[in-house]
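Hi,

Here's the structure I promised to pass on. Have a look at it first, then read my notes below.

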Amino acid sequence: MDDLLVVKDLTKNFGGLAAVSEVSFEVRRGEILGLIGPNGAGKTTLFNLISGLLASDRGSIKLEGEDLTKKPPYKRSAMGVGRTFQVVRPFDMTVLENVMVPTFAHYKTSKEAKEKAFEILKMVRMDKLADKMPANLTLAQRKRIEVARALATKPKLLLLDEVLAGLNPTEVAENLPLIRQVRDSGVTILFIEHLMDAMMAISERVLVMDQGVLIACGTPDEVTSDRCVITAYLGEEAPGC
Amino acid sequence: MRNNKLKTAAAIFLLGLLAVPLYFTSTFVLHMFTLVFFYIALTAAWNIPAFGGKFSLGHAAFFGLGGYTAAILYVKLGISPFIGVVAGTFVAMLGGVILSFPLVRLKGPFFTLASIAFAEVLRMVAVDWRSLTNGSVGINIPFKPSWLNLTFTSGAPFYYMALGLALLVIGLAWWIRSSSLGYHLRAAAADEDAARALGINTAKAHFMGLMWSSGLTGMIAVFYVFYNYVLEPGTAFSMDLFSLQPAMNGIIGGMGTVWGPVIGAIIMTPLGEFLRFYLGTIQQGLNFVVYGLMLIAVVNFVPGGIVSLIEPWFKKKKSGDSSAADN
Amino acid sequence: MELIVQVCVSGLLLGGIYALISIGLNLIFGVVRIINFAHGEMVMVAMYLTFWLNYFFGMDPYVSTLIVLPVMFLFGVIIQRIIVQPIQNSSANMKIFATVALSLILQNVALIVCKGNFRTVQVSYGMGTMEWGGIFISIPRLVAFFAALLSISLLYYFLKNTYTGKALRAIVEDHTIARLMGVKVQKLYLLAFGIGCAFSALGGVLLMPFSSVYPTVGIPFTLIAFIVVVLGGLGSMGGTFLAGLFIGVVEAVGGTYVSPALKEAIYFGIFIIAILIRPQGIFGKGKGSEEVGLK
């Protein structure tokens with residue numbers, strides 16, 4: 001199997017509390033890999049470690065065999081790690097300009113950057129809103145800007161942090177195919193999601209975290225029947241977990 | 001069509017500015033125009049790091065470095081100020097390199113503090129290093145009128161140079177803001193982490209912004225110093241004149257925009273001179289009280305600066321025009 | 001050898017006052033989360049009050065604390081209410097602008113009211129010294145040092161052992177949680193600003209017997225206080241105290257052995273180097289330093 005990302009023994013402590021503890025897994029090229037877990041399980045911290053916004057205490061992260069554990073975030077992005085944020089963080093500029101920011105990494109003139117950014121906006125069906133300010137858009141639309149911006153970095157691996165959370169069912173139904181569409185364009189996806197149905201519908205494999213530890217990994221069916229996972233979600237004691 | 005109208009208006013305006021020395025022979029009026037242009041240039045240069053949300057209160061450091069470099073070269077070694085401009089720009093940029101360490105490492109307020117400390121240290125060094133700077137006595141530029149000496153018998157040449165500098169810096173600021181550096185700085189100002197995750201080397205962007213800003217400030221300083229014939233540590237590294245004033249112009253006009261500094265300098269420079277000459281003679285210090293109150297008013301009521309009041313009106317007109325064209 | 005001891009002693013004594021002023025800043029900084037660029041002006045205003053009380057009523061500077069401190073406490077509360085509170089949720093830059101504006105106003109009102117002259121208070125003990133093992137110690141500086149030590153200890157006790165003090169510390173730790181726990185944040189902001197202001201004022205009063213006051217006297221104090229807080233660590237009383245002493249000694253040693261004109265340049269240099277090497281402070285950092293821009 002062709003592994004795009006290999007994470008080994010990744011650990012991060014916050015003042016004695018292990019937010020991520022010896023987590024190891026791999027992301028296969030071309031898959032949609034889900035990451036679930038209760039609140040405070042360390043999912044976003046894991047994303048911050050992979051994208052480089054946080055420095056890990058121990059362990060390694062390799063993309064296509066190249067070690068990026070010590071690299072700054074902008075280099076990881078150039079190597080192919082893109083991400084979105086759980087709390088949408090559009091810059092205070094128009095939708096098009098938001099997407100132009102990362103396109104400058106690949107196109108030098110603002111004319112080319114603008115054209116490319118517009119193409120990406122078309123892909124996420126936001127081209128009609130290109131001149132609007134993000135503050136005036138709905139949450140679902142702002143989440144699409146996040147995705148568009150991350151795509152503009154031309155990622156090999158895209159980390160999506162709850163791009164469906166907070167949306168109403170119609171909006172979820174609209175945004176869900178987008179994730180598949182992005183994968184079909186050749187981008188591998190690792191995504192965090194709280195909406196179980198959505199998660200199970202589109203991911204091929206699922207990772208489960210609880211209290212900083214990776215407790216399960218497998219197909220959606222395997223994971224949902226895993227006793228440890230049920231325990232983590234229902235909070236009951238289960239021996240052997 | 002609108003674009004053509006705008007271009008024509010701009011051209012007429014510019015021609016008018018070129019003709020100012022022909023109509024106003026009063027030295028006071030000409031001096032006022034020259035001063036406004038110098039401050040437009042200084043404020044626009046100060047404003048470049050502000051694209052990235054970094055707010056300096058120490059630009060007098062770059063001003064002093066540039067001015068002293070050219071003056072020392074000219075007075076002590078007889079080197080033409082035209083070479084001095086290049087040297088002054090370069091030395092000011094070296095100052096920028098030093099200040100870039102705190103710029104990159106520290107967020108907002110702490111960078112501002114470091115910038116104040118930096119300018120203060122340089123001022124003290126300028127006072128103390130008498131063999132080079134003549135200490136607090138300062139350096140007088142001898143009056144030897146000649147193009148090569150950047151010394152003139154009339155105010156007109158400096159008027160044109162100041163106008164040229166103002167146009168140059170506005171043009172550069174506009175170009176930077178619409179280039180990748182500008183986008184990167186604006187992204188960093190809005191959200192440093194998100195920008196970094198999107199592949200932007202924000203440290204490099206801030207550094208480049210400061211390089212432009214410090215170099216331009218040093219360059220403008222050389223012209224300003226030769227315009228005034230004299231420099232001493234108290235004015236060249238003056239907190240009031242070259243750290244606070246550009247910052248205040250920028251904030252009141254609209255920090256981090258292209259036109260904010262221009263508007264700010266146009267309003268604040270004559271106002272400052274008026275307050276200094278009329279209120280200042282009645283009561284020294286009153287002008288700064290007025291500045292302080294204006295600043296508090298801006299912070300509370302128009303945090304985007306004056307430009308934020310004008311912009312929506314301008315934008316509405318523009319979009320109104322385009323929708324008319326669509327129909 | 002004797003000279004260096006002499007220099008260090010007078011530096012340490014001065015450092016006590018720096019610590020006092022800086023602890024005022026640290027409290028405001030930690031609780032209200034504002035970078036008060038007008039902090040030195042609080043010292044300046046207190047110094048002028050002391051001067052006037054002496055000039056008009058012949059009041060001894062030490063006695064005038066009874067009036068100056070309550071007045072300055074109130075002054076701090078008013079500033080928090082009128083200047084800071086309205087912009088509490090604005091960006092960090094807006095807060096800088098507002099306090100820079102405040103410092104401009106205070107400096108220049110002082111210039112208008114008091115002119116630019118250097119003013120001093122003449123007291124019999126102003127130049128008084130005592131000798132101890134060959135070292136001369138200035139009496140007003142010694143008084144200042146012990147008064148600083150005492151008031152810092154009192155503040156420490158207050159923060160550790162009273163309900164209000166604990167609430168203040170909770171805010172320094174975490175704003176949101178403190179609010180959720182039902183701590184009345186706005187009132188405590190007013191209190192913190194008042195106390196911080198009174199502490200700086202005490203520093204100003206204690207300086208008066210052996211130094212002079214003029215409108216821009218506060219500028220270096222703002223910078224010194226920030227250097228001390230950065231070195232000492234946000235929210236750390238002990239760290240701030242030690243850092244204050246350290247800066248006092250650095251100033252005295254630098255002023256004696258390098259050049260009096262460059263003594264300030266030396267600690268600004270230390271400040272810049274320190275924040276580069278260890279931006280979280282030499283004695284550790286408090287939570288929330290991230291929030292106010294200290295990485």
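To get started: in which sense do strand β1 and strand β4 of chain A pair, and over how many bridges? They pair in the antiparallel sense, over five bridges, with β1(A) covering residues 3-14 and β4(A) residues 58-63. (Strands here are DSSP runs of E with at least two residues and helices are runs of H or I with at least four, numbered from the N terminus; two strands pair if DSSP finds at least two bridges between them.) One partnership to look up is L5(A), whose bridge partner in β4(A) is L63(A).

Before you go further, some housekeeping. This is a predicted model, where local features need pLDDT of at least 70 and side-chain atom pairs count only at pLDDT 80 or more, while totals for chains, interfaces and linings use all residues. Residues are numbered from 1 along each chain as its sequence is written, chains are lettered from A and ligands numbered from 1 in the order in which they are written, and side-chain values use heavy atoms, with hydrogens and water left out.

Back to chain A. Its open sheet has four strands in the order β2-β1-β4-β5, with antiparallel pairing. At the edges are β2 (17-28) and β5 (66-67), each pairing on one side only.

Two residues in these strands have an unusual backbone. Most residues other than glycine have a negative phi. D9(A), in strand β1 of chain A, has a positive phi of about 50° although it is not a glycine. D9(A) is also partly exposed, at 39% relative accessible area (buried is under 20%, exposed over 50%, partly exposed in between, using a 1.4 Å probe and protein chains only). E22(A), in strand β2 of chain A, also has a positive phi, near 45°.

Now for β3(A), residues 32-36. Why is this strand largely enclosed by the rest of the structure? Because five of its five residues are buried. On one side these are I32(A), G34(A) and I36(A), and on the other L33(A) and L35(A). β3(A) runs parallel to β8(A) (residues 188-192), joined by four bridges, and L35(A) has I192(A) as its bridge partner there. With β9(A) (residues 205-210), β3(A) also pairs in the parallel sense over four bridges, and G34(A) stands opposite V206(A).

Still in chain A, check F85(A). The charged end of R83(A) sits over its ring, 4.1 Å from the centre, and the charged end of R89(A) sits over that ring too, at 4.4 Å. (That needs NZ of Lys or CZ of Arg within 6 Å of the ring centre and within 35 degrees of the ring normal.)

On to aromatic pairs: the whole structure has 28 over all chains. (Rings of Phe, Tyr and Trp, its six-membered ring, pair if their centres lie within 6.5 Å; planes under 30 degrees apart are stacked, over 60 edge-to-face, the rest tilted.) F152(B) and F158(B) form an edge-to-face pair, 5.4 Å centre to centre with 80° between the planes, and both residues are buried. They belong to a cluster linked by ring pairs, with F38(B), F63(B), Y224(B), Y227(B) and F242(B).

Last stop, chain C. Helix α3(C) (residues 61-84) packs against helix α8(C) (residues 185-207) at about 140°, with axes 7 Å apart (axes are lines fitted to C-alpha atoms over the stretch in contact, and angles run from 0 to 180 degrees between N-to-C directions).

Happy browsing!
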